[in-house]
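Here is a short set of exercises to work through with the coordinates open beside you. Try each task before you read its solution.

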Amino acid sequence: MRLFLMGLALLALAACSKPTPPVGKWEGGYEKDGTLVAARVEILATGQVRVSAPNYVGAAGSTAKILELRGRLASDLANNWGTVKPRDFDFDGDTFRKPGGHAPQMVWDKATNQMTLRLYIGANPGLPVPLRPVDGFHDNPWGQS
């Protein structure tokens with residue numbers, strides 16, 4: 001009986017344990033209503049997260065101008081990635097939040113391994129930036145377009 005109770009106690013502790021964040025890399029680009037975002041996320045084995053999302057609000061003009069802005073954001077992302085410091089986040093199994101925070105910063109879909117970055121620009125609601133899993137980062141976070 002004692003062994004059974006110890007087993008139940010261990011099972012209860014395991015059920016209450018903190019979920020482990022997925023280790024990997026995600027990237028993506030966002031373009032809508034004049035807002036452009038180039039984003040990368042890397043979750044380290046320690047559970048810490050490196051995230052960068054240079055953005056531009058108010059993009060307008062020709063296709064060539066938009067492509068130039070996208071190229072500048074992609075270049076900024078790649079050139080500054082080495083300076084991005086890992087940060088701690090609270091993770092509940094699918095949502096990442098700043099420690100003690102309420103607003104979701106990222107949401108992970110375990111079934112598809114897709115990450116959605118919630119980007120807060122100014123006083124606007126969180127902008128969902130869908131990211132795709134990658135083995136390594138690319139020069140063009142938008143992928144094939």
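Please keep in mind that this is a predicted model.

**Exercise 1. A charged pair within one helix**

Task: Decide whether E68 is buried, partly exposed or exposed, then find the residue that forms a salt bridge with E68.

Solution:
- Start with accessibility. E68 has a relative accessibility of 43%, so this residue counts as partly exposed.
- Next, look for the partner. R72 forms a salt bridge with E68, with the closest N and O atoms 2.9 Å apart.
- Then check the spacing. The two residues are separated by about one helical turn, because R72 and E68 are four residues apart in helix α2.
- Finish with the partner's own environment: R72 is partly exposed, at a relative accessible area of 40%.

**Exercise 2. The geometry and the faces of α2**

Task: Compare the span of helix α2 with the span expected at 1.5 Å a residue, and work out which residues of α2 are buried.

Solution:
- Helix α2 covers residues 63-80, which is 18 residues. From first C-alpha to last, α2 reaches 26 Å, close to the expected 26 Å.
- Now apply the burial cut-off of under 20% relative accessible area. The buried residues in α2 are I66, L69, R70, L73, A74 and L77.
- Why do these residues lie on the same side of α2? Their arc around the axis is only 135 degrees, and so they share one side of the helix.
- Turn to the face that points away from the buried side: here α2 carries the exposed residues A64 and N79.
- Last, ask what lies over the buried residues. The cover includes β1 (24-32), β2 (35-43), β3 (49-52) and β4 (55-57).

**Exercise 3. Salt bridges beyond the helix**

Task: Count the salt bridges in the model, and describe those made by R70 and R50.

Solution:
- The count comes to five salt bridges.
- Take R70 to begin with. Its side chain meets that of E31 in a salt bridge, at 2.9 Å from N to O.
- This pair links distant parts of the chain, as R70 sits in helix α2 and E31 in strand β1, 39 residues apart.
- Compare the two environments: R70 is buried, with a relative accessible area of 12%, whereas E31 is partly exposed at 42%.
- Move on to R50, which forms a salt bridge with E42, the closest N and O atoms being 2.9 Å apart.
- Here R50 counts as buried at 14% relative accessibility, and E42 counts as buried at 13%.

**Exercise 4. Two residues of β2**

Task: For E42 and T35, list the residues that each one touches, leaving out those up to four places away in sequence.

Solution:
- E42 is found in strand β2. Its contacts are G24, K25, Q48, V49, R50, W81 and F137.
- Notice that R50, the salt-bridge partner of E42, is among these contacts.
- T35 also lies in strand β2. With a relative accessible area of 14%, T35 is buried.
- The residues that T35 touches are Y30, Y56, V57, I121 and L127.

**Exercise 5. Following the strands from β6 to β8**

Task: Trace the pairing from β6 to β7 and from β7 to β8, and identify the residues with a positive phi in the two hairpins.

Solution:
- Strand β6 (residues 95-97) and strand β7 (residues 104-109) run antiparallel and are joined by three bridges.
- Within this pair, F96 has M106 in β7 as its bridge partner.
- The hairpin of β6 and β7 has six residues between the strands, and G100 in the turn has a positive phi of about 75 degrees.
- β7 then pairs with strand β8 (residues 114-119), again in the antiparallel sense, over four bridges. Here M106 stands opposite L117 in β8.
- In the hairpin of β7 and β8, four residues lie between the strands, and N113 takes a positive phi near 60 degrees.

**Exercise 6. The nonpolar cores**

Task: Find the residues with the most contacts inside the largest nonpolar core, and say which element gives the largest share of that core.

Solution:
- A general tendency helps to set the scene: in soluble globular proteins, nonpolar side chains tend to be buried together.
- The largest nonpolar core has 21 residues, and F96 and V129 have the most contacts inside it.
- The elements giving two or more residues to this core are β1, β2, β3, β7, β8 and β9 (127-134).
- Of these, β2 gives the largest share, four residues.
- There is also a second, separate core of nine residues, which includes L36, A59, L73 and W142.
- L73 ties this back to Exercise 2, being one of the buried residues of α2.

Definitions and conventions. Residues are numbered from 1 along each chain as its sequence is written. This is a predicted model: local features need pLDDT of at least 70, side-chain atom pairs count only at pLDDT 80 or more; totals for chains, interfaces and linings use all residues. Side-chain values use heavy atoms; hydrogens and water are left out. The expected span of a helix is 1.5 Å times one less than its number of residues. Buried means under 20% relative accessible area, exposed over 50%, partly exposed in between (1.4 Å probe, protein chains only). The arc is that of the directions from the helix axis to the C-beta atoms. Contact means heavy atoms within 4.5 Å. A salt bridge is a side-chain nitrogen of Lys or Arg within 4 Å of a carboxyl oxygen of Asp or Glu. Two strands pair if DSSP finds at least two bridges between them. A nonpolar core is a set of buried Ala, Val, Leu, Ile, Met, Phe, Trp, Tyr and Cys residues joined through side-chain atoms within 4.5 Å.
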